[in-house]
Amino acid sequence: MSSTRSPRPRSLKASLLSAALGLALVTAAIAPGIKPAMAADGGTLVIVSTQVPRHFNGAVQSGLATAVPSTQIFASPLRYDDNWNPQPYLAKSWDVAPDGLSVTLKLVDNALFHDGKPVTSEDVAFSIMTIKANHPFQSMLAAVDKVDTPDPQTAIIRLKHPHPALLLAMSPALMPIIPKHVYGDGQDVKTHPANLKPIGSGPYRLTEYKQGEFYTLEKFDKFFIPGRPKLDKIVVKLVSDGNAAVVSLERGDVNAFPFMSNTRDIDRVEKMPNVQITDKGFAGIGPINWLAFNTKKKPLDDVRVRQAIAYAANREFITSKLMSGKAKMATSPIAPGSPLLAPDVEMYKLDLAKSQKLLDEAGYPKAADGSRMNLTIDFIPGDEEQQRNVAEYLRSQLKRVGINLEVRAAPDFPTWAQRISNYDFDLTMDNVFNWGDPVIGVNRTYLSSNIRKGIIWSNTQQYSNPKVDELLAAGAQEPSSEKRKALYAEFQKLVVNDVPIYFINSAPYRNAFSKGLDNLPTTIWGIMSPLDEINWKEKPKT
């Protein structure tokens, strides 16, 4: 890992674009009387979101619902631009030691928490060790041994081995710096009362929260970056009806709709004359929609059967027709848009003859009625387009090669998660995020050491390949970016050939904004970034 030092902060115009999107949508019915103010600086941004947070502390909770408010309330050591480059934030500079075993952060001098107390290296050390112990992404900071604090503005992160994913792990959504004087009182940080009444050092402070309905973020006047944030207030309305949000956007009652993924909604919004829509701001999330196999259950324990299903599935049709061309094809464990994506993996283009040959070779000939086997496919409830519709399509498609597929619905997410995590399935649709780096969001799905019964989004496929384990372990520590990319390229080829998962598409997320908004966030983290630069450039037409 080469030594890296940041210069002065670059413009984060792109970062704030994504965030603004998520924070500006609300329907008149949902938020009667709330209208965004239209000043170049100042004013209110009203956002509608279908993502309801359990609480606001991203140090112990992953996911979009928590990340959007957490990145406004808490600052992090670094932030990222739209080209995967780290930018200064709470850390004005950073140095990676030549041996890769330490990273030294130099903090800004003027950062304050919302209660007026200074942010120091003690808070950084406390936060990092709290995240290491409590965050769901256990591999993210597993290499961290301790954090030294030689002075109030210096934090030295000591590592057990080189950890090239560490800088990305310092992003706002993954490493919020929480106040030690609040959270270090001996209470369980996962259930701490401050999680619902947070004190951070970010551009906005939480001033009101009505659970399940809305929360209000107001400008922190002593934010450490001069002239920011641009807005006075952000109001986030929490709703379950995505159609109501689209109608509200169309009427001009709201300013933004983040994380749109329904292609009909996207088509409709693209035709709105006073709305701008973008597919940028999701590269760091890396959301992949896929078909997973229970590799320990017959007949799916035979790689030839899994390959046969892949050759029959036809991802080209799924993305171009079922998803109206709005979704990019996913072909490997690494999401489209990642610099680590390997383009030269087996593509499993539709080939019914090859599929049938593989099934014959595996010992599953056609019976008199043309069938070879009976299997069940599950899906995550609540997402018709990405999950159920694809499952139903696969049912009809696989019948062409003699596989009878029964689509099994779950009444709710917990039921689905319990089935899959306890290996009570044959095949299942799933949607899993990369979270920027394999160490953070990819390894969990493929490491044999992460076969953990009862834990959803672990290695629920029970996939085990010693060479894959070896490559992932090496990639997690390799300081050379070129060598690291080569390791992950080999990993991708192996996994694609073994087919514990058939990769289908990158979820077609979009962010929609009023044309009156400026400095929208289109960085790799999009709306899961501080919205300190977004502002109104003109009053939107209504």
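Biologist: Which residues does Asn 434 touch, not counting residues up to four places away in sequence?

Modeller: This is a predicted model, by the way. In it, Asn 434 touches Gly 284, Ile 285, Gly 286, Ile 288, Pro 333, Ile 334, Ala 335, Ile 440, Gly 441 and Val 442.

Biologist: And where is Asn 434 found?

Modeller: Asn 434 is in the loop between strand 17 and helix 13.

Biologist: Buried or exposed?

Modeller: Buried: the relative accessible area of Asn 434 is 7%, and the cut-off for buried is under 20%.

Biologist: OK, on to helix 13. How does helix 13 pack with helix 15?

Modeller: Helix 13 covers residues 438-446 and helix 15 covers residues 481-498; they pack at an angle of about 30°, with axes 13 Å apart. Angles under 35 degrees count as roughly parallel, so helix 13 and helix 15 are roughly parallel to each other. Their crossing is left-handed.

Biologist: Which residues of helix 13 and helix 15 meet?

Modeller: From helix 13 there are Pro 438, Val 439, Val 442 and Tyr 446, and they meet Arg 484, Tyr 488, Phe 491 and Val 495 of helix 15. By class, that contact has seven nonpolar, no polar and one charged residues.

Biologist: What about helix 14 and helix 15, at what angle do the axes cross?

Modeller: Roughly 155°, and the axes of helix 14 (residues 466-475) and helix 15 come within 9 Å. That makes helix 14 roughly antiparallel to helix 15. On the helix 14 side the contact includes Lys 467, Val 468, Leu 471 and Leu 472, and on the helix 15 side it includes Arg 484, Leu 487, Tyr 488 and Phe 491. The residues of this contact divide into nine nonpolar, one polar and three charged.

Biologist: Is the crossing left-handed or right-handed?

Modeller: Left-handed, as helix 14 passes helix 15.

Biologist: Switching to sheets. What is the strand order in the sheet of six strands?

Modeller: The order is 14-18-13-17-15-16, in an open sheet with mixed pairing. Strand 14 (328-329) and strand 16 (403-408) stand at the edges with a single partner strand each, so one side of each has no neighbour in the sheet.

Biologist: How do strand 14 and strand 18 pair?

Modeller: In the antiparallel sense, over two bridges, with strand 18 covering residues 501-506. Met 329 has Asn 505 of strand 18 as its bridge partner.

Biologist: Which strands does helix 8 lie across?

Modeller: Helix 8 (residues 303-313) lies across strand 13 (287-293), strand 15 (373-378), strand 16, strand 17 (427-433) and strand 18. Helix 8 runs at about 130° to strand 13.

Biologist: And the sheet of four strands, what is its order?

Modeller: That one goes 4-5-7-6, an open sheet with antiparallel pairing. Strand 4 (91-96) and strand 6 (144-151) are the edge strands, each pairing on one side only. Neighbouring strands in this sheet are turned by 20° against each other on average, direction ignored.

Biologist: How many residues sit between strand 6 and strand 7 in their hairpin?

Modeller: Two residues. Strand 6 and strand 7 (residues 154-159) pair in the antiparallel sense over five bridges. Asp 151 stands opposite Thr 154 of strand 7, and Val 147 has Ile 157 as its bridge partner.

Biologist: What lies across strand 5, strand 6 and strand 7?

Modeller: Helix 3 (residues 121-134), running at about 170° to strand 6.

Biologist: Now the oddities. Which residues does a cis peptide bond join?

Modeller: One cis peptide bond joins Arg 228 and Pro 229, with omega about -5°. Pro 229 lies in the loop between strand 9 (214-219) and strand 10 (233-238). Another cis peptide bond joins Lys 298 and Pro 299, where omega is about 0°, and Pro 299 is in the loop between strand 13 and helix 8.

Biologist: Why point those out?

Modeller: Because most peptide bonds are trans, and most residues other than glycine have a negative phi.

Biologist: Then which residue has a positive phi although it is not a glycine?

Modeller: Phe 259 has one, about 55°. Phe 259 is in strand 11 (residues 256-260) and counts as buried at 11% relative accessibility. Tyr 348 also has a positive phi, near 50°. Tyr 348 is in the loop between strand 14 and helix 10 (352-361), and at 3% relative accessibility Tyr 348 counts as buried.

How values were computed: Residues numbered from 1 in each chain as written. Predicted model: local features only at pLDDT ≥ 70, side-chain atom pairs only at ≥ 80, totals over all residues. Heavy atoms only, no water. Axes fitted to C-alpha atoms, helices over the stretch in contact; angles between N-to-C directions. Parallel < 35°, antiparallel > 145°, perpendicular 65-115°, else oblique. Left-handed = near helix turned anticlockwise from the far one by under 90°. Contact = heavy atoms within 4.5 Å. Nonpolar A, V, L, I, M, F, W, Y, C, P; charged D, E, K, R; others polar. Pairing = 2+ DSSP bridges. Buried < 20%, exposed > 50% of the residue type's maximum accessible area, 1.4 Å probe, protein only.
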